[in-house]
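Dear colleague,

I am handing over the structure we spoke about, and I would be glad if you could open it before you read further. My notes on what was found follow below it.

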Amino acid sequence: MKIINLASGSDGNMTYLESEKVKILIDIGISCAEAVKRLALINVKPNDIDVILVTHEHNDHIKGVDAFSFKFDKPVFAHRTVWENLKFKLIKTPSKNRRFFETGSFQLRDISVNAVAVPHDVPCFGYSFENDGRKISILTDVGHTNERILDSIRGSQLVYLEANYDKTLLKEGTKYPLALKRRISGGSGHLSNDESVSLIRYLVQNGSRQIVLSHLSRENNSPDLAYSYISNKLLEFGIVEGVHVKIDVATNRPGTLFKL
Ligand SMILES: [Zn+2]
Ligand SMILES: [Zn+2]
């Protein structure tokens with residue numbers, strides 16, 4: 001499999017994944033025109049995309065989905081519970097392209113997909129992709145983790161993992177009203193840098209060797225802060241970045257292309 005994050009964070013999220021037999025976009029939280037431009041950077045034509053897979057209905061994940069699906073006649077896959085509200089937001093996507101799944105696991109040609117429900121303020125799913133003994137997971141917009149989530153990402157060689165906010169910046173910042181601060185840090189909001197550290201420890205113990213910190217808040221985190229804070233915390237637990245695990249940071253620009 002090959003995977004590259006083409007946009008990450010509060011301003012929009014989109015990841016491109018391909019195997020020998022299928023090309024998938026996970027979320028299009030940027031405009032359709034911008035999505036097309038970013039795909040061109042990696043020599044992928046919009047018509048080559050087989051499936052758009054949606055995590056949840058928030059605009060930073062679906063901004064360009066309707067236009068992309070309509071313009072290029074592409075199917076949109078999401079969990080049945082996600083479609084309950086998505087159907088009012090994706091108005092141009094014809095019914096033949098509104099595809100839903102109900103069980104956690106399904107097949108997209110040669111990729112086995114496992115979707116796990118994650119606590120967020122709307123129905124939301126994390127995804128794992130397996131092909132040829134390799135496993136990649138994408139886990140963002142997660143209020144808190146549980147056994148089912150840990151089970152679903154275990155054994156992934158590569159994980160795009162949310163590190164949304166620094167606790168101190170969120171607490172002391174003056175831009176966000178208290179209610180929003182509570183929503184972000186609450187059980188149905190987002191993962192902090194500290195929560196990301198706990199998950200990385202678990203992942204490394206279970207064989208993960210590459211983490212991409214994802215969905216960073218523009219106001220309450222930064223790539224440098226997330227990387228240094230998380231690397232230093234991991235060191236306290238004897239995990240050395242660059243030795244036991246590699247840590248990359250996804251930003252609002254196209255990131256690293258990984259081949260597994
Ligand atoms: Zn989001
Ligand atoms: Zn969200």
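Before the first point about a helix, it helps to know that contact means heavy atoms within 4.5 Å, and that the angle between two axes, each a line fitted to C-alpha atoms, runs from 0 to 180 degrees between N-to-C directions. Please keep in mind throughout that this is a predicted model.

With that in hand, look at helix H3, residues 65–72, which lies across the strands E3, E4 (51–53) and E5 (76–79) and runs at about 165 degrees to E4. These three strands belong to an open sheet of seven strands with mixed pairing, in the order E6-E5-E4-E3-E2-E1-E14. Strand E6 (98–101) and strand E14 (257–259) stand at the edges, and because each has a single partner strand, one side of each is left without a neighbour in the sheet. From one strand to the next, the twist averages 25 degrees.

Strands of a sheet pair through backbone hydrogen bonds, and they may do so in a parallel or an antiparallel way. In this sheet, E2 (residues 14–18) and E3 (residues 23–26) are an antiparallel pair joined over four bridges, and the bridge partner of Glu-18 in E3 is Lys-23.

The next thing to examine is the zinc ion (ligand 2), which is coordinated by His-56 through NE2, His-58 through ND1, His-120 through NE2 and Asp-141 through OD, at 2.2 to 2.5 Å. The angles among its four donor atoms go from 91 to 168 degrees, and the site is classed as irregular. The zinc ion (ligand 1) is 3.4 Å away from the zinc ion (ligand 2), and Asp-141 coordinates both. His-56 sits in the loop between E4 and helix H2 (59–62), while Asp-141 sits in the loop between strand E10 (134–139) and helix H5 (147–153), so this pair ties together parts that are 85 residues apart in sequence. Are these two residues buried or exposed? His-56 is buried, because its relative accessibility is 0%, and Asp-141 is also buried, with a relative accessible area of 1%.

Finally, two residues other than glycine have a positive phi: Asn-43, where phi is near 60 degrees, and Asp-132, where phi is about 55 degrees. Asn-43 is placed in the loop between helix H1 (32–41) and E4, and with a relative accessible area of 69% it is exposed. Asp-132 is placed in the loop between strand E9 (125–131) and E10, and at 73% relative accessibility Asp-132 counts as exposed.

With best wishes

Note on methods
Residues are numbered from 1 along each chain as its sequence is written. Chains are lettered from A and ligands numbered from 1 in the order in which they are written. This is a predicted model: local features need pLDDT of at least 70, side-chain atom pairs count only at pLDDT 80 or more; totals for chains, interfaces and linings use all residues. Side-chain values use heavy atoms; hydrogens and water are left out. Two strands pair if DSSP finds at least two bridges between them. Helices (H or I, at least four residues) and strands (E, at least two) are DSSP runs, numbered from the N terminus. Donors are N, O and S atoms within 2.8 Å of the metal (3.2 Å for Na, K and Ca); water is not among the atoms, so sites may look incomplete. Four donors count as tetrahedral if all angles lie between 85 and 135 degrees; four count as square planar and six as octahedral if opposite donors are over 155 degrees apart and all others between 65 and 115; anything else is irregular. Buried means under 20% relative accessible area, exposed over 50%, partly exposed in between (1.4 Å probe, protein chains only).
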